[in-house]
Amino acid sequence: MTHTYNISGMTCGGCQATVRIVLSKVKGVKNVKVDLEKAQATIEMDEHIPTNNFQIALKDHPKFQLTENGHKVEADNFLRDEETKSWAETYKPILLIFGYILGVTILIETVNGAFIWTRWMEHFMAGFFLVFSFFKLLSLQGFAESYSTYDIIAKRWAWWSYVYAFIELALGIAFFIGFSPLFTNAVTFVVMSVSIIGVLQSVMNKRKIKCACLGAVFNLPMSTITIIEDALMIAMSLIMIMVLING
């Protein structure tokens, strides 16, 4: 597939060559043609590459700005905001969400008169997947573009990003209604184990990219918080599998 982007800031043949070389190095790019007169770059790629990948590639050359459909990509703004915010400000949305889910699920156990930890975990996982899938579905395309920048499957097959959001929704419903607990937990374990690989790679490589855990609604950077989210679901599903197998 081929996409054309507007490139501002090019004033000479050297600028043209620089833009072409930088964009050619983005993973998945097959060919780049830069038109200095039209101020455009035509990029041929194996499959869809999120626009912010190209903007991030150009971040070391701030005079060049890549735009799509007349709108500047917000990758630089995201990276700049990330550096100026405190830890609490950055992760406030996800901390509040975890707090709400934790509080509501504990309240359910309290109302039922006895704290049954396996039931609590089912309700917690249901809340987790339902809430997180909700934010992904608010802007499915935005989530897909962010997710495909680091997930090992979505990098190869863009459609997986869209499917993943609905898998989370299905898992949330399955945990909520108690559908085939062993199967539901097994699927959760496999899906989240695969998902965490890309997260680990990004954090270990210290890549400053946007985390897609809450879709495109919040600007959350990829960090150990993302690892903890996925690891928590993996651990809970594994514990539930062991409990169910051992009776």
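Let's start at helix H9, which runs over residues 224–245 of this predicted model. With 22 residues at 1.5 Å a residue, H9 should span 32 Å, and its end C-alpha atoms lie 31 Å apart, which agrees. Many side chains to look at here are hidden: Ile225, Thr226, Ile227, Glu229, Asp230, Met233, Ile234, Met236, Ser237, Met240 and Ile241 are the buried residues of H9. Once the helix has ended, glycine 247 follows with a positive phi, near 75°.

Glutamate 229 deserves a pause. This residue is found in helix H9, and because its relative accessibility is 3%, under the 20% limit, glutamate 229 counts as buried. What does glutamate 229 touch, leaving aside residues up to four places away in sequence? Its contacts are Ile94, Phe98, Phe128, Phe132 and Cys213. Take phenylalanine 128 from that list: along the sequence it stands 101 residues from glutamate 229, yet in space the two are 9.4 Å apart, C-alpha to C-alpha.

That pair fits a wider view of the chain. Among contacts between residues at least 6 apart in sequence, 66% join residues at least 24 apart. The protein chain has 9 helices and 7 strands, and 42% of its 247 residues are buried.

Next to visit is helix H8, residues 181–204. H8 has 24 residues and reaches 34 Å from its first C-alpha to its last, close to the 34 Å expected at 1.5 Å a residue. Its buried residues are Thr184, Asn185, Thr188, Val191, Met192, Ser195, Ile196, Gly198, Val199 and Ser202. The cover over these buried residues includes H5, H6, H7 and H9. Both sides of H8 offer a backbone detail worth a look. In the loop between H7 and H8 sits serine 180, whose phi is near 30°, a positive value in a residue other than glycine. Serine 180 has a relative accessible area of 34%, so it is partly exposed. Just after H8, lysine 206 also takes a positive phi, of about 55°.

Now for the empty spaces. Rolling a probe the size of a water molecule over the atoms shows where empty space is left. The structure holds 3 cavities of 30 Å³ or more, and the largest of them has a volume of about 110 Å³. Which residues lie nearest the centre of this largest cavity? They are Lys136, Tyr164, Ser195, Cys213 and Asp230, out of 17 lining residues. Two or more lining residues come from each of helix H5 (117–138), helix H6 (140–147), helix H7 (159–177), helix H8 and H9. Two of the central residues are already familiar: Ser195 is among the buried residues of H8, and Asp230 is among those of H9. By class, the lining has 11 nonpolar, 2 polar and 4 charged residues.

The second largest pocket has a volume of about 160 Å³. Its lining is made of Ile97, Tyr100, Ile101, Val104, Thr105, Ile108, His123, Ala126, Gly127, Val131 and Phe176. Helix H4 (87–111) and H5 are the elements that give two or more residues to it, with H4 supplying the largest share, 6 residues. By class, this lining has 8 nonpolar and 3 polar residues, and no charged ones.

Finally, turn to helix H1, residues 13–24. H1 has 12 residues and reaches 16 Å from its first C-alpha to its last, close to the 16 Å expected at 1.5 Å a residue. Its buried residues are Cys15, Val19, Val22 and Leu23. They cover an arc of only 95° around the axis, which puts them on the same side of H1. The background is simple: an α-helix has 3.6 residues a turn, so residues three or four places apart point the same way. What covers the buried residues of H1 includes strand S1 (2–8), strand S2 (29–35), strand S3 (40–45), helix H2 (51–57) and strand S4 (65–68).

One last stop is alanine 39, in the loop between S2 and S3. Alanine 39 has a positive phi of about 55° although it is not a glycine. Its relative accessibility is 27%, so alanine 39 counts as partly exposed.

Definitions and conventions
Residues are numbered from 1 along each chain as its sequence is written. This is a predicted model: local features need pLDDT of at least 70, side-chain atom pairs count only at pLDDT 80 or more; totals for chains, interfaces and linings use all residues. Side-chain values use heavy atoms; hydrogens and water are left out. Helices (H or I, at least four residues) and strands (E, at least two) are DSSP runs, numbered from the N terminus. The expected span of a helix is 1.5 Å times one less than its number of residues. Buried means under 20% relative accessible area, exposed over 50%, partly exposed in between (1.4 Å probe, protein chains only). On a 1 Å grid over the protein atoms alone, a cavity is a set of points where a 1.4 Å probe fits but cannot get out, and a pocket is an open set with protein on both sides within 12 Å along at least five of seven lines; lining residues have an atom within 4 Å of a point. Grid points are joined across faces, edges and corners, and a volume is the space filled by probe spheres set on the points. Ala, Val, Leu, Ile, Met, Phe, Trp, Tyr, Cys and Pro count as nonpolar, Asp, Glu, Lys and Arg as charged, and the others, Gly among them, as polar. The arc is that of the directions from the helix axis to the C-beta atoms. Contact means heavy atoms within 4.5 Å.
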